[in-house]
Amino acid sequence: MAAALTAALLWAFAFPAPAAVKPASELLLVTGRYSLFGLCGLYVLYRGRRQLRLMPMRRILFGLYIGFVGYFVFYICVSYSATMGSGFITAVIVGSSPITIAVAGNFAEKRMSWSELVAPVLLILCGLTLLSAADFIHEGPSDHANDSLLGILLALMAMLTWSYFVVRNAQSQRTWETKPDPKIWAALVAMGAGGASMLLLPFAIATTPEETFSPYPLFKIIAWCVFLGVLGSWWGTYIWVKAAQGIPVPLVGPLLATETIFGAIMSLPAERRMPSWVEVGGALFILAGIAVYMVFDVKNSRSRRDGTEQQSDAPDVPAVT
């Protein structure tokens with residue numbers, strides 16, 4: 001539990017980071033972070049090059065592809081969303097991804113009845129509506145409100161991108177007869193994000209404001225890139241994999257949801273403000289939707305487990321989970 005919460009806390013630093021590194025561009029933060037993440041993956045792939053040669057080329061390319069989509073594209077959307085709108089709102093919207101993952105996963109592998117998904121989805125939609133209306137309620141139509149609306153759209157894109165990554169990655173791992181080594185697979189995903197970042201890094205540096213290269217702003221952006229790339233991405237993922245070995249499956253979702261709470265809380269000091277009542281209400285609706293989904297998921301998990309235990313009349317045949 002402690003390890004899982006530590007991993008969620010490390011990941012949550014991604015939400016306040018874009019505001020904290022200003023005037024550095026969002027693209028510089030993304031490319032710097034994932035270039036370091038990719039170098040970590042490159043080192044692991046070099047150490048495991050014998051295992052890598054045994055993998056089919058289509059799986060290698062797929063690992064690079066989902067790394068690019070699930071990490072690089074995802075964090076591009078998160079970074080621009082957090083600076084155009086609010087890191088608090090971005091964290092809350094992205095935190096509703098368990099619902100989109102549940103809906104997408106239910107099409108591929110039915111886990112619960114569609115009627116059980118209605119309540120959490122409606123709560124999430126109410127929360128998103130409140131968050132979308134927050135700036136218009138307080139300020140009326142304005143350039144800032146329009147930027148905030150675009151930020152919310154980018155946060156929704158980040159949520160959908162992350163959901164796609166989780167579902168496609170899980171599907172591939174279940175359907176392949178030979179499972180890839182977890183470290184090699186994580187390294188391929190890291191290289192997918194890092195390869196695109198390394199190509200765009202010169203462009204990101206060229207389009208960054210000159211004041212960023214003063215001693216203090218430069219030190220700040222380097223420190224954040226090192227922290228997010230090495231500790232947040234690589235070490236956080238490693239801690240989570242270790243933690244997942246001892247966590248009951250029904251607790252995985254709620255523990256992942258703590259990343260949203262950590263990210264929203266840490267974004268407010270970076271933005272030097274308190275959340276409005278409308279934002280708090282929207283966040284509570286989304287968290288309530290996640291909680292209702294988790295209750296149904298735990299109930300269904302227990303029903304499936306009890307059914308499996310009752311049907312296991314042949315102890316010499318191991319159950320596949």
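**Leu54.** I began with Leu54, which at 73% relative accessibility counts as exposed (exposed is over 50% relative accessible area, buried under 20%, partly exposed in between, with a 1.4 Å probe and protein chains only). Leu54 is found in the loop between helix 4 (49-53) and helix 5, where helices are DSSP runs of H or I with at least four residues, strands are runs of E with at least two, and both are numbered from the N terminus. I then looked across the chain and noted that the C-alpha atoms of Leu54 and Pro180 are separated by 9.8 Å, although their positions lie 126 residues apart along the chain.

**Ground rules.** I kept in mind that this is a predicted model, in which local features need pLDDT of at least 70 and side-chain atom pairs count only at pLDDT 80 or more, while totals for chains, interfaces and linings use all residues. Residues are numbered from 1 along each chain as its sequence is written, and side-chain values use heavy atoms, with hydrogens and water left out.

**Overall make-up.** I recorded 13 helices and 0 strands for the protein, and 46% of its 321 residues are buried. Taking contact as heavy atoms within 4.5 Å, I found that, among contacts between residues at least 6 apart in sequence, 88% join residues at least 24 apart.

**Helices 3 and 5.** Helix 3 (residues 26-47) and helix 5 (residues 57-84) have axes that come within 9 Å and cross at roughly 150°; the axes are lines fitted to C-alpha atoms, for helices over the stretch in contact, and angles run from 0 to 180 degrees between N-to-C directions. On the helix 3 side I listed residues including Leu29, Arg33, Tyr34 and Phe37, which meet a helix 5 set that includes Tyr71, Tyr75, Ser79 and Thr83. Helix 3 is largely enclosed by the rest of the structure, because 16 of its 22 residues are buried.

**Phe68.** Within helix 5 I also checked Phe68, which is partly exposed, with a relative accessible area of 33%. Leaving aside neighbours within four places in sequence, Phe68 is in contact with Val73, Gly192, Ala193 and Ala196, and its C-alpha atom is separated by 7.9 Å from that of Gly194, 126 residues apart along the chain.

**Cores.** The largest nonpolar core has 60 residues, and Leu29, Tyr34 and Tyr75 have the most contacts inside it; such a core is a set of buried Ala, Val, Leu, Ile, Met, Phe, Trp, Tyr and Cys residues joined through side-chain atoms within 4.5 Å. Helix 10 (residues 182-206) gives the most to this core, with 10 residues. A second, separate core of 7 residues includes Ala4, Leu10, Trp240 and Ala243. I followed Leu29 further and, leaving aside its neighbours within four places in sequence, found contacts that include Val21, Tyr75, Ile221, Trp224 and Leu228.

**Helix 10.** Helix 10 has 25 residues and reaches 36 Å from its first C-alpha to its last, close to the 36 Å expected at 1.5 Å a residue (the expected span is 1.5 Å times one less than the number of residues). I nevertheless noted a kink of about 45° at Leu200, shortly before the proline Pro202, the bend being the angle between axes fitted to the seven residues ending there and the seven starting there.

**Helix 6.** Last, I looked at helix 6 (residues 87-94), which is mostly covered, with 8 of its 8 residues buried; among them are Phe88, Ile89 and Val92.
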